[in-house]
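User: I should like to discuss the fold and packing of the following model. Please reason from the structure in each reply.

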Amino acid sequence: MSISRCAQILQNGDPDKFFATLIAPKKLRPILYTVFAFHYEISKIPYSTDEEILAEIKFKWWEQELTHISKRKFTKNRNEILDPLSDLIIKNDIPVDLFLEAINARRFDIGSQIHRSFYDQVNYIEDIFSSLLEIILRSCEKHLSPEAVLCVRKFGFVLGVANLLVALPALEILGKNPIFLNFNEKDTRLKSKNGQLLSEKRFAERVLKLVEAAESELIEARKYLRFVDKKVRPILLCCASGPIILKKARRDPRRVQRDAIKLSPLYKIINLFRARIRNKI
């Protein structure tokens with residue numbers, strides 16, 4: 001299947017990443033379209049069926065196909081993005097474990113599981129979003145410094161937290177439990193006197209803790225940005241809105257649950273072009 005099909009999947013399913021790719025240099029677009037299309041395909045699995053076992057079967061299928069690719073074995077029953085994904089993995093010798101980490105983390109989204117600690121949630125975000133950007137970086141350059149990898153992984157965490165904060169109200173409507181709990185809290189659906197789920201204060205505390213962790217990673221990521229080749233930095237355009245979303249959430253964490261931190265489409269585009277011109281996030 002052609003790269004153009006990956007672009008179409010992304011345009012229909014994840015317009016934010018599509019536009020971030022669209023203004024990236026032409027040379028980087030095939031990589032971005034392919035990896036982001038994979039990300040979209042696995043992210044939608046838990047929400048594409050009410051049957052948990054069917055979602056698990058789909059995840060297993062992806063794991064098997066990626067393992068086959070790593071062993072240079074190819075099957076006939078292939079997803080439409082597997083051809084460009086296979087080319088990317090083989091040509092650039094990408095560790096398949098990075099893909100498998102993302103798939104395994106996405107299993108959390110099946111049902112209404114609970115992050116039992118802050119560190120569980122951090123690992124979940126890193127396994128998905130940090131791995132995603134590392135895959136892209138490794139697809140762009142073969143000889144990488146540890147600092148360059150560390151830089152994009154930290155930006156990946158920023159992207160993951162920002163995405164979570166924006167999506168959180170919708171996830172709660174779907175019955176998901178997207179915010180971590182302490183071990184001594186047995187039930188996410190603890191109710192306050194007025195019948196709310198988690199009290200607004202507790203919810204704000206959890207949001208703020210995630211935001212502070214992401215902002216700390218953002219500071220470190222910017223320090224390491226000098227180790228990432230300037231020609232490759234546009235792969236980070238997908239993170240352009242992240243710092244602004246974090247800042248809005250830190251100022252008033254309660255706005256997250258009220259679905260009041262989203263950026264307008266025009267503002268997102270402006271941020272993308274600003275980041276593209278400056279060549280930094």
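Analyst: This is a predicted model. Read along the sequence, its protein chain follows the pattern α-α-α-α-α-α-α-α-α-α-α-α. The radius of gyration is 19 Å, close to the 19 Å that the globule rule gives for 281 residues, so the chain is as compact as a globular protein of that length.

User: How many helices and how many strands does the secondary structure of the protein chain come to?

Analyst: The pattern along the sequence is α-α-α-α-α-α-α-α-α-α-α-α. The secondary structure therefore comes, by DSSP runs, to 12 helices and 0 strands.

User: Which helix gives the largest share of the largest nonpolar core?

Analyst: The largest nonpolar core has 90 residues, and Phe38, Trp62, Leu66, Ile89, Phe155, Leu165 and Ile235 have the most contacts inside it. The largest share of this core, 14 residues, comes from residues 146-173, that is, helix α8.

User: Which residues does Leu66 touch, leaving aside those up to four places away in sequence?

Analyst: Leu66 is among the residues with the most contacts inside the largest nonpolar core. Beyond four places in sequence, Leu66 touches Phe38, Leu85, Ile89, Val96, Phe99, Leu100 and Ile103.

User: Why are the buried residues of helix α1 on the same side of it, and which residues on the other side are exposed?

Analyst: In helix α1 (residues 3-13), Cys6, Ala7, Ile9 and Leu10 are buried. They cover an arc of only 160° around the axis, which puts them on the same side of α1. Their cover includes α2 (15-22), α3 (29-43) and α5 (82-92). On the other side of α1, the exposed residues are Ser4 and Asn12.

Technical notes
Residues numbered from 1 in each chain as written. Predicted model: local features only at pLDDT ≥ 70, side-chain atom pairs only at ≥ 80, totals over all residues. Heavy atoms only, no water. Core = buried A, V, L, I, M, F, W, Y, C linked by side-chain atoms within 4.5 Å. Buried < 20%, exposed > 50% of the residue type's maximum accessible area, 1.4 Å probe, protein only. Helix = DSSP H or I, 4+ residues; strand = E, 2+ residues; numbered from the N terminus. Contact = heavy atoms within 4.5 Å. Arc of directions from axis to C-beta. Rg over C-alpha atoms; globule rule 2.2 N^0.38 Å.
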